[in-house]
Amino acid sequence: MSVSRRALLASSLGAALAPSLSLAAPAAPKGKKAGPPKLSFAPLELKLRHTWTIARGSADSKTNGLLAFEAEGVTGYGEAAPNKRWGQSHESGEAAFQRTLKACEGLSPWEHLAWLERAERESGPDSQIVCALDLALWDWKGKKLGVPVHRLLGVSQATMPVTSFSIGIDTPEVMAEKTKEAEPYPILKIKVGRDDVERNVNAVRSVTKKTIRVDANEGWSDPAVALEKLKWMKAQGVEFLEQPFPAGKDVEGMKLLRSEGVMPILADEPVLHPTDIPTIAPFYDGVVLKLAKCGGITRALEEIAICRAHGLRLMLGCMIESSLGIAAGVAVAPLFEWVDIDGNLLVSNDPWKGLVLTKGRWALPEGPGLGVSRA
Ligand SMILES: [Mg+2]
(Lines give C-alpha, C1' and ligand atoms only; values in the text may rest on other atoms or scores of the structure.)
Protein backbone atom coordinates (compact mmCIF):
# COMPACT_ATOMS: atom_id res chain seq x y z
CA MET A 1 0.00 0.00 0.00
CA SER A 2 1.40 3.38 -0.94
CA VAL A 3 -0.36 6.67 -0.36
CA SER A 4 1.01 10.17 0.01
CA ARG A 5 0.90 12.02 3.33
CA ARG A 6 -1.54 14.52 1.84
CA ALA A 7 -3.83 11.75 0.60
CA LEU A 8 -3.69 10.00 3.96
CA LEU A 9 -4.47 13.13 5.92
CA ALA A 10 -7.20 14.10 3.49
CA SER A 11 -8.92 10.75 4.11
CA SER A 12 -11.59 10.28 6.76
CA LEU A 13 -8.85 9.12 9.13
CA GLY A 14 -6.89 12.26 8.47
CA ALA A 15 -9.98 14.40 8.96
CA ALA A 16 -10.55 12.77 12.32
CA LEU A 17 -7.00 13.70 13.29
CA ALA A 18 -7.17 17.30 12.19
CA PRO A 19 -7.77 18.80 15.65
CA SER A 20 -4.48 17.36 16.94
CA LEU A 21 -2.56 18.95 14.08
CA SER A 22 -3.49 22.46 15.16
CA LEU A 23 -1.11 21.94 18.09
CA ALA A 24 1.77 22.38 15.68
CA ALA A 25 1.05 25.94 14.62
CA PRO A 26 0.61 28.53 17.36
CA ALA A 27 -0.40 31.88 15.89
CA ALA A 28 2.29 34.53 15.47
CA PRO A 29 2.09 37.27 18.10
CA LYS A 30 0.56 40.45 16.72
CA GLY A 31 3.01 43.15 15.69
CA LYS A 32 5.97 40.76 15.36
CA LYS A 33 7.19 40.84 11.80
CA ALA A 34 9.61 38.01 11.06
CA GLY A 35 12.92 39.00 9.45
CA PRO A 36 14.69 36.68 7.01
CA PRO A 37 15.92 33.69 9.03
CA LYS A 38 19.57 32.57 8.84
CA LEU A 39 20.21 28.84 8.88
CA SER A 40 23.41 26.80 9.20
CA PHE A 41 24.24 23.09 9.35
CA ALA A 42 27.47 21.71 10.85
CA PRO A 43 28.86 18.30 11.90
CA LEU A 44 28.29 17.23 15.49
CA GLU A 45 30.92 14.60 16.36
CA LEU A 46 29.79 12.23 19.10
CA LYS A 47 32.08 9.71 20.82
CA LEU A 48 30.53 6.56 22.31
CA ARG A 49 31.27 5.30 25.82
CA HIS A 50 31.41 1.70 24.53
CA THR A 51 31.68 0.26 21.04
CA TRP A 52 28.02 0.09 19.96
CA THR A 53 27.07 -3.17 18.26
CA ILE A 54 23.64 -4.18 16.99
CA ALA A 55 22.56 -6.84 14.45
CA ARG A 56 23.63 -4.58 11.56
CA GLY A 57 27.16 -3.56 12.65
CA SER A 58 29.44 -1.72 15.10
CA ALA A 59 30.55 1.89 15.75
CA ASP A 60 32.78 3.85 18.16
CA SER A 61 31.62 7.30 17.08
CA LYS A 62 28.81 9.00 15.21
CA THR A 63 28.67 12.14 13.08
CA ASN A 64 25.35 13.88 13.61
CA GLY A 65 24.42 17.35 12.35
CA LEU A 66 23.61 20.58 14.21
CA LEU A 67 21.06 22.82 12.50
CA ALA A 68 20.87 26.42 13.75
CA PHE A 69 17.85 28.61 12.92
CA GLU A 70 18.32 32.31 13.70
CA ALA A 71 15.60 34.94 13.35
CA GLU A 72 14.48 38.06 15.23
CA GLY A 73 17.50 37.85 17.54
CA VAL A 74 16.74 34.30 18.71
CA THR A 75 18.47 31.05 17.69
CA GLY A 76 16.80 27.64 17.79
CA TYR A 77 18.74 24.39 17.41
CA GLY A 78 17.87 20.97 16.04
CA GLU A 79 19.86 17.76 15.70
CA ALA A 80 20.10 15.53 12.64
CA ALA A 81 20.87 11.88 13.46
CA PRO A 82 21.56 10.00 10.20
CA ASN A 83 20.92 6.28 9.96
CA LYS A 84 22.73 4.10 7.41
CA ARG A 85 19.67 1.83 7.39
CA TRP A 86 17.87 4.50 5.32
CA GLY A 87 20.91 5.40 3.19
CA GLN A 88 21.50 8.53 5.26
CA SER A 89 24.87 10.09 6.16
CA HIS A 90 26.04 13.49 7.33
CA GLU A 91 27.00 14.28 3.74
CA SER A 92 23.58 13.31 2.33
CA GLY A 93 22.04 15.42 5.11
CA GLU A 94 24.20 18.42 4.19
CA ALA A 95 23.04 18.15 0.55
CA ALA A 96 19.39 17.84 1.62
CA PHE A 97 19.84 20.87 3.92
CA GLN A 98 21.18 23.00 1.05
CA ARG A 99 18.23 22.05 -1.18
CA THR A 100 15.80 22.77 1.65
CA LEU A 101 17.40 26.15 2.31
CA LYS A 102 16.84 27.22 -1.28
CA ALA A 103 13.27 25.91 -1.36
CA CYS A 104 12.34 27.78 1.84
CA GLU A 105 13.55 31.21 0.74
CA GLY A 106 11.02 33.89 1.63
CA LEU A 107 9.25 31.96 4.45
CA SER A 108 8.77 33.67 7.80
CA PRO A 109 9.94 31.81 10.93
CA TRP A 110 6.28 31.41 11.97
CA GLU A 111 5.33 29.40 8.87
CA HIS A 112 6.45 26.20 10.59
CA LEU A 113 4.33 23.79 8.57
CA ALA A 114 5.36 25.35 5.26
CA TRP A 115 9.04 24.87 6.22
CA LEU A 116 8.34 21.20 6.91
CA GLU A 117 6.37 20.61 3.70
CA ARG A 118 9.20 22.06 1.62
CA ALA A 119 11.91 20.26 3.62
CA GLU A 120 10.12 16.95 3.05
CA ARG A 121 9.84 17.62 -0.65
CA GLU A 122 13.58 18.38 -0.91
CA SER A 123 14.99 15.85 1.57
CA GLY A 124 13.79 12.58 0.04
CA PRO A 125 14.99 9.77 2.34
CA ASP A 126 16.90 12.25 4.55
CA SER A 127 14.16 12.61 7.16
CA GLN A 128 17.03 13.58 9.51
CA ILE A 129 16.91 17.09 7.97
CA VAL A 130 13.14 17.44 8.36
CA CYS A 131 13.61 16.41 12.00
CA ALA A 132 16.50 18.82 12.62
CA LEU A 133 14.56 21.69 11.05
CA ASP A 134 11.37 20.88 12.98
CA LEU A 135 13.29 20.70 16.28
CA ALA A 136 15.04 24.00 15.53
CA LEU A 137 11.69 25.65 14.72
CA TRP A 138 10.12 24.38 17.96
CA ASP A 139 13.22 25.46 19.95
CA TRP A 140 13.14 28.89 18.26
CA LYS A 141 9.40 29.30 18.88
CA GLY A 142 9.69 28.28 22.53
CA LYS A 143 12.62 30.64 23.13
CA LYS A 144 10.86 33.47 21.28
CA LEU A 145 7.75 33.02 23.44
CA GLY A 146 9.78 32.30 26.59
CA VAL A 147 8.15 28.92 27.30
CA PRO A 148 9.28 25.27 27.15
CA VAL A 149 8.26 23.27 24.08
CA HIS A 150 6.46 20.70 26.23
CA ARG A 151 4.18 23.47 27.49
CA LEU A 152 3.36 24.50 23.92
CA LEU A 153 2.51 20.84 23.26
CA GLY A 154 0.42 20.51 26.42
CA VAL A 155 2.05 17.34 27.74
CA SER A 156 2.32 16.44 31.41
CA GLN A 157 5.13 15.11 33.59
CA ALA A 158 2.49 12.95 35.31
CA THR A 159 2.48 10.47 32.40
CA MET A 160 6.26 10.38 31.78
CA PRO A 161 7.22 6.68 31.39
CA VAL A 162 10.49 5.22 32.71
CA THR A 163 13.02 5.04 29.87
CA SER A 164 14.90 1.85 29.15
CA PHE A 165 18.70 1.85 28.92
CA SER A 166 20.24 -0.03 26.00
CA ILE A 167 22.89 -2.73 26.24
CA GLY A 168 24.63 -3.32 22.88
CA ILE A 169 25.86 -6.71 21.68
CA ASP A 170 29.20 -7.80 23.18
CA THR A 171 30.84 -10.78 24.87
CA PRO A 172 28.80 -12.19 27.79
CA GLU A 173 31.41 -10.84 30.24
CA VAL A 174 31.20 -7.29 28.84
CA MET A 175 27.39 -7.40 28.63
CA ALA A 176 27.26 -8.45 32.28
CA GLU A 177 29.65 -5.62 33.15
CA LYS A 178 27.57 -3.09 31.18
CA THR A 179 24.48 -4.34 33.03
CA LYS A 180 26.18 -3.67 36.37
CA GLU A 181 27.16 -0.17 35.17
CA ALA A 182 23.49 0.37 34.24
CA GLU A 183 22.48 0.03 37.90
CA PRO A 184 20.70 3.47 37.97
CA TYR A 185 18.34 2.45 35.16
CA PRO A 186 15.29 0.37 36.15
CA ILE A 187 14.56 -1.09 32.68
CA LEU A 188 17.07 -2.51 30.16
CA LYS A 189 16.84 -3.05 26.41
CA ILE A 190 19.13 -5.72 25.04
CA LYS A 191 20.31 -5.86 21.46
CA VAL A 192 20.57 -9.33 19.91
CA GLY A 193 21.66 -10.78 16.58
CA ARG A 194 20.67 -13.99 14.80
CA ASP A 195 22.23 -16.71 17.01
CA ASP A 196 23.08 -14.96 20.26
CA VAL A 197 19.66 -14.46 21.87
CA GLU A 198 20.07 -16.98 24.71
CA ARG A 199 23.70 -15.97 25.28
CA ASN A 200 22.92 -12.23 25.50
CA VAL A 201 19.77 -12.53 27.59
CA ASN A 202 21.50 -14.98 29.95
CA ALA A 203 24.49 -12.61 30.29
CA VAL A 204 22.21 -9.79 31.45
CA ARG A 205 19.93 -12.05 33.54
CA SER A 206 22.98 -13.43 35.37
CA VAL A 207 23.39 -10.06 37.13
CA THR A 208 19.90 -8.52 37.29
CA LYS A 209 16.19 -9.25 37.79
CA LYS A 210 15.09 -5.99 36.13
CA THR A 211 12.52 -5.78 33.36
CA ILE A 212 14.25 -6.39 30.05
CA ARG A 213 13.18 -5.76 26.46
CA VAL A 214 14.83 -7.24 23.38
CA ASP A 215 15.57 -5.68 19.98
CA ALA A 216 16.54 -8.01 17.12
CA ASN A 217 16.97 -5.19 14.55
CA GLU A 218 15.68 -7.39 11.67
CA GLY A 219 18.27 -10.09 12.45
CA TRP A 220 16.01 -13.19 12.40
CA SER A 221 14.74 -15.21 9.44
CA ASP A 222 13.12 -18.56 10.38
CA PRO A 223 9.59 -18.07 11.83
CA ALA A 224 9.51 -21.45 13.65
CA VAL A 225 12.89 -20.83 15.30
CA ALA A 226 11.76 -17.30 16.15
CA LEU A 227 8.67 -18.65 17.92
CA GLU A 228 10.82 -20.91 20.08
CA LYS A 229 13.10 -17.97 20.93
CA LEU A 230 10.06 -15.87 21.81
CA LYS A 231 8.70 -18.48 24.22
CA TRP A 232 12.14 -18.90 25.81
CA MET A 233 12.44 -15.12 26.23
CA LYS A 234 9.00 -14.97 27.87
CA ALA A 235 10.23 -17.47 30.46
CA GLN A 236 13.19 -15.16 31.16
CA GLY A 237 10.86 -12.23 31.92
CA VAL A 238 11.30 -10.33 28.64
CA GLU A 239 8.53 -7.70 28.31
CA PHE A 240 8.42 -7.27 24.53
CA LEU A 241 10.33 -7.87 21.31
CA GLU A 242 11.31 -5.29 18.72
CA GLN A 243 11.62 -6.07 15.00
CA PRO A 244 12.48 -9.78 14.68
CA PHE A 245 12.36 -10.04 10.86
CA PRO A 246 13.58 -7.76 8.04
CA ALA A 247 11.13 -5.09 6.88
CA GLY A 248 9.27 -6.34 3.82
CA LYS A 249 10.05 -9.99 4.64
CA ASP A 250 8.14 -10.06 7.91
CA VAL A 251 4.51 -10.91 7.12
CA GLU A 252 4.68 -14.73 7.29
CA GLY A 253 6.84 -14.74 10.42
CA MET A 254 4.77 -12.11 12.17
CA LYS A 255 1.55 -14.03 11.49
CA LEU A 256 3.03 -17.09 13.21
CA LEU A 257 4.51 -15.18 16.17
CA ARG A 258 1.33 -13.23 16.85
CA SER A 259 -0.90 -16.30 16.53
CA GLU A 260 0.52 -17.48 19.87
CA GLY A 261 0.22 -14.10 21.65
CA VAL A 262 3.39 -14.69 23.64
CA MET A 263 4.35 -11.03 24.12
CA PRO A 264 3.88 -7.69 22.28
CA ILE A 265 5.98 -7.32 19.13
CA LEU A 266 6.80 -3.83 17.90
CA ALA A 267 7.67 -2.62 14.40
CA ASP A 268 10.65 -0.28 14.09
CA GLU A 269 12.53 -0.46 10.79
CA PRO A 270 9.39 -0.91 8.58
CA VAL A 271 7.96 2.43 9.76
CA LEU A 272 9.78 5.44 8.35
CA HIS A 273 6.86 7.57 7.12
CA PRO A 274 3.26 7.88 8.38
CA THR A 275 2.13 6.15 5.21
CA ASP A 276 3.95 2.97 6.34
CA ILE A 277 1.70 2.58 9.40
CA PRO A 278 -1.47 1.20 7.72
CA THR A 279 0.71 -1.39 5.91
CA ILE A 280 2.20 -2.90 9.07
CA ALA A 281 -0.84 -2.41 11.35
CA PRO A 282 -2.37 -5.88 10.75
CA PHE A 283 0.88 -7.68 11.65
CA TYR A 284 2.27 -5.91 14.74
CA ASP A 285 1.10 -4.98 18.23
CA GLY A 286 2.81 -1.60 18.25
CA VAL A 287 5.23 0.81 16.61
CA VAL A 288 8.56 2.33 17.61
CA LEU A 289 8.47 6.01 16.63
CA LYS A 290 11.70 7.99 16.47
CA LEU A 291 11.82 11.72 15.80
CA ALA A 292 14.80 11.28 13.45
CA LYS A 293 12.83 8.71 11.44
CA CYS A 294 9.47 10.45 11.19
CA GLY A 295 10.74 14.02 10.78
CA GLY A 296 10.51 15.59 14.24
CA ILE A 297 7.94 16.52 16.87
CA THR A 298 5.25 17.78 14.47
CA ARG A 299 5.23 14.62 12.37
CA ALA A 300 5.42 12.46 15.51
CA LEU A 301 2.11 13.98 16.65
CA GLU A 302 0.58 12.88 13.36
CA GLU A 303 2.06 9.38 13.60
CA ILE A 304 0.85 8.99 17.19
CA ALA A 305 -2.71 9.79 16.08
CA ILE A 306 -2.51 7.42 13.11
CA CYS A 307 -1.13 4.60 15.28
CA ARG A 308 -3.90 5.11 17.84
CA ALA A 309 -6.51 5.02 15.07
CA HIS A 310 -5.12 1.61 14.05
CA GLY A 311 -5.11 0.29 17.63
CA LEU A 312 -1.31 0.13 17.74
CA ARG A 313 0.64 0.54 20.98
CA LEU A 314 3.42 3.14 21.00
CA MET A 315 7.05 3.31 22.02
CA LEU A 316 9.31 6.32 21.55
CA GLY A 317 12.83 5.33 20.50
CA CYS A 318 15.87 7.36 19.53
CA MET A 319 19.18 7.26 17.69
CA ILE A 320 22.66 7.87 19.09
CA GLU A 321 22.04 11.57 19.79
CA SER A 322 23.24 14.37 22.03
CA SER A 323 21.01 15.84 24.74
CA LEU A 324 19.65 18.26 22.12
CA GLY A 325 17.90 15.53 20.13
CA ILE A 326 16.93 13.65 23.28
CA ALA A 327 15.40 16.84 24.76
CA ALA A 328 12.93 16.87 21.86
CA GLY A 329 12.08 13.25 22.64
CA VAL A 330 11.58 14.13 26.31
CA ALA A 331 9.09 16.86 25.28
CA VAL A 332 6.78 14.27 23.67
CA ALA A 333 7.67 11.20 25.78
CA PRO A 334 4.58 11.49 28.05
CA LEU A 335 2.41 10.72 24.99
CA PHE A 336 3.91 7.20 24.74
CA GLU A 337 3.23 3.92 26.59
CA TRP A 338 6.91 2.91 26.47
CA VAL A 339 10.04 5.05 26.15
CA ASP A 340 13.57 4.19 25.06
CA ILE A 341 15.36 7.53 24.87
CA ASP A 342 18.85 6.97 26.14
CA GLY A 343 21.04 7.91 23.13
CA ASN A 344 22.76 10.76 25.02
CA LEU A 345 23.63 8.41 27.90
CA LEU A 346 25.74 6.33 25.49
CA VAL A 347 27.79 9.41 24.46
CA SER A 348 30.96 10.51 26.31
CA ASN A 349 31.25 14.07 24.88
CA ASP A 350 27.66 15.36 24.99
CA PRO A 351 27.88 19.06 24.00
CA TRP A 352 24.49 19.93 25.56
CA LYS A 353 23.27 20.01 29.15
CA GLY A 354 20.00 20.61 30.96
CA LEU A 355 18.26 17.22 31.04
CA VAL A 356 17.76 15.44 34.35
CA LEU A 357 17.03 11.72 34.71
CA THR A 358 15.79 10.46 38.07
CA LYS A 359 15.12 6.75 38.67
CA GLY A 360 14.78 6.27 34.91
CA ARG A 361 12.33 9.15 34.34
CA TRP A 362 13.34 12.25 32.38
CA ALA A 363 12.09 15.55 33.84
CA LEU A 364 10.41 17.96 31.42
CA PRO A 365 12.93 20.86 31.44
CA GLU A 366 11.73 24.27 32.60
CA GLY A 367 13.99 26.34 30.30
CA PRO A 368 12.46 27.94 27.16
CA GLY A 369 12.46 26.01 23.91
CA LEU A 370 13.84 22.48 24.15
CA GLY A 371 15.35 23.42 27.53
CA VAL A 372 19.00 22.53 26.91
CA SER A 373 22.06 24.76 26.62
CA ARG A 374 25.71 24.34 25.56
CA ALA A 375 27.68 22.24 28.04
MG1 LIG B 1 14.82 -0.87 17.24
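# Exercises on a predicted two-domain model

With 9 C-beta neighbours inside 10 Å, Gly-311 counts as exposed. The model used in these exercises is a predicted one.

**Exercise 1. Place Gly-311 in the fold, and work out why the residue counts as exposed.**

Step 1. Begin with the chain segment: Gly-311 lies in the loop that runs between helix α13 (297-309) and strand β10.

Step 2. Apply the cut-off, under which a residue is exposed if 12 or fewer other C-beta atoms lie within 10 Å of its own. Gly-311 has 9 such neighbours, and therefore counts as exposed.

Step 3. Relate the residue to another point of the chain: Ile-169 is 142 residues away from Gly-311 along the chain, and 32 Å separate the C-alpha atoms of the two.

**Exercise 2. Determine the strand order of the sheet that contains β10, and find which strands are at its edges.**

Step 1. Read the order across the sheet, which is open and consists of 8 strands arranged as β4-β5-β6-β7-β8-β9-β10-β11, with parallel pairing.

Step 2. Look for strands that pair on one side only; these edge strands are β4 (164-167) and β11 (338-339).

Step 3. Examine one pair in detail: strand β9 (residues 286-289) and strand β10 (residues 313-316) pair in the parallel sense over 4 bridges, and Val-287 has Leu-314 in β10 as its bridge partner.

Step 4. Add a helix to the picture: α8 (residues 197-205) lies across β4, β5 (187-191), β6 (211-215) and β7 (238-242), and runs at about 155° to β5.

**Exercise 3. Describe the sheet formed by β1, β2 and β3, and explain why β3 is largely enclosed.**

Step 1. Establish the arrangement: the 3 strands form an open sheet in the order β1-β2-β3, and the pairing is antiparallel. The edge strands here are β1 and β3, each of which pairs on one side only, while the twist from one strand to the next averages 25°.

Step 2. Follow the pairing of β2 and β3, which extends over 7 bridges in the antiparallel sense. Gly-65 stands opposite Ala-80 in β3, and Leu-66 stands opposite Glu-79 in β3.

Step 3. Turn to the hairpin of these two strands, which has 2 residues between the strands and in which Glu-72 takes a positive phi near 50°.

Step 4. Consider the surroundings: helix α5 lies across β2 and β3, running at about 150° to β3. Of the 7 residues of β3, 5 are buried, so the strand is largely enclosed by the rest of the structure.

**Exercise 4. Characterise the side of domain 1 that touches domain 2 by its elements and by residue class.**

Step 1. Fix the bounds: the domain assignment gives domain 1 as 33-150 and domain 2 as 154-374, and their centres, taken over C-alpha atoms, are separated by 22 Å.

Step 2. Count the participants, which are 37 residues from domain 1 and 42 residues from domain 2.

Step 3. List the elements giving two or more residues to the domain 1 side: β1 (38-54), β2 (57-71), β3 (74-80), α4 (112-123), α5 (127-145) and α6 (149-153). The largest share, 10 residues, comes from α5.

Step 4. Sort that side by class, which gives 17 nonpolar, 10 polar and 10 charged residues.

Terms used: Residues are numbered from 1 along each chain as its sequence is written. This is a predicted model: local features need pLDDT of at least 70, side-chain atom pairs count only at pLDDT 80 or more; totals for chains, interfaces and linings use all residues. Two strands pair if DSSP finds at least two bridges between them. Two residues are in contact if their C-beta atoms, placed from the backbone, lie within 7 Å. Axes are lines fitted to C-alpha atoms, for helices over the stretch in contact, and angles run from 0 to 180 degrees between N-to-C directions. Domain bounds come from an automatic or database domain assignment. Ala, Val, Leu, Ile, Met, Phe, Trp, Tyr, Cys and Pro count as nonpolar, Asp, Glu, Lys and Arg as charged, and the others, Gly among them, as polar. A residue is buried if 20 or more other C-beta atoms lie within 10 Å of its own, exposed if 12 or fewer, and partly exposed in between; C-beta atoms are placed from the backbone.
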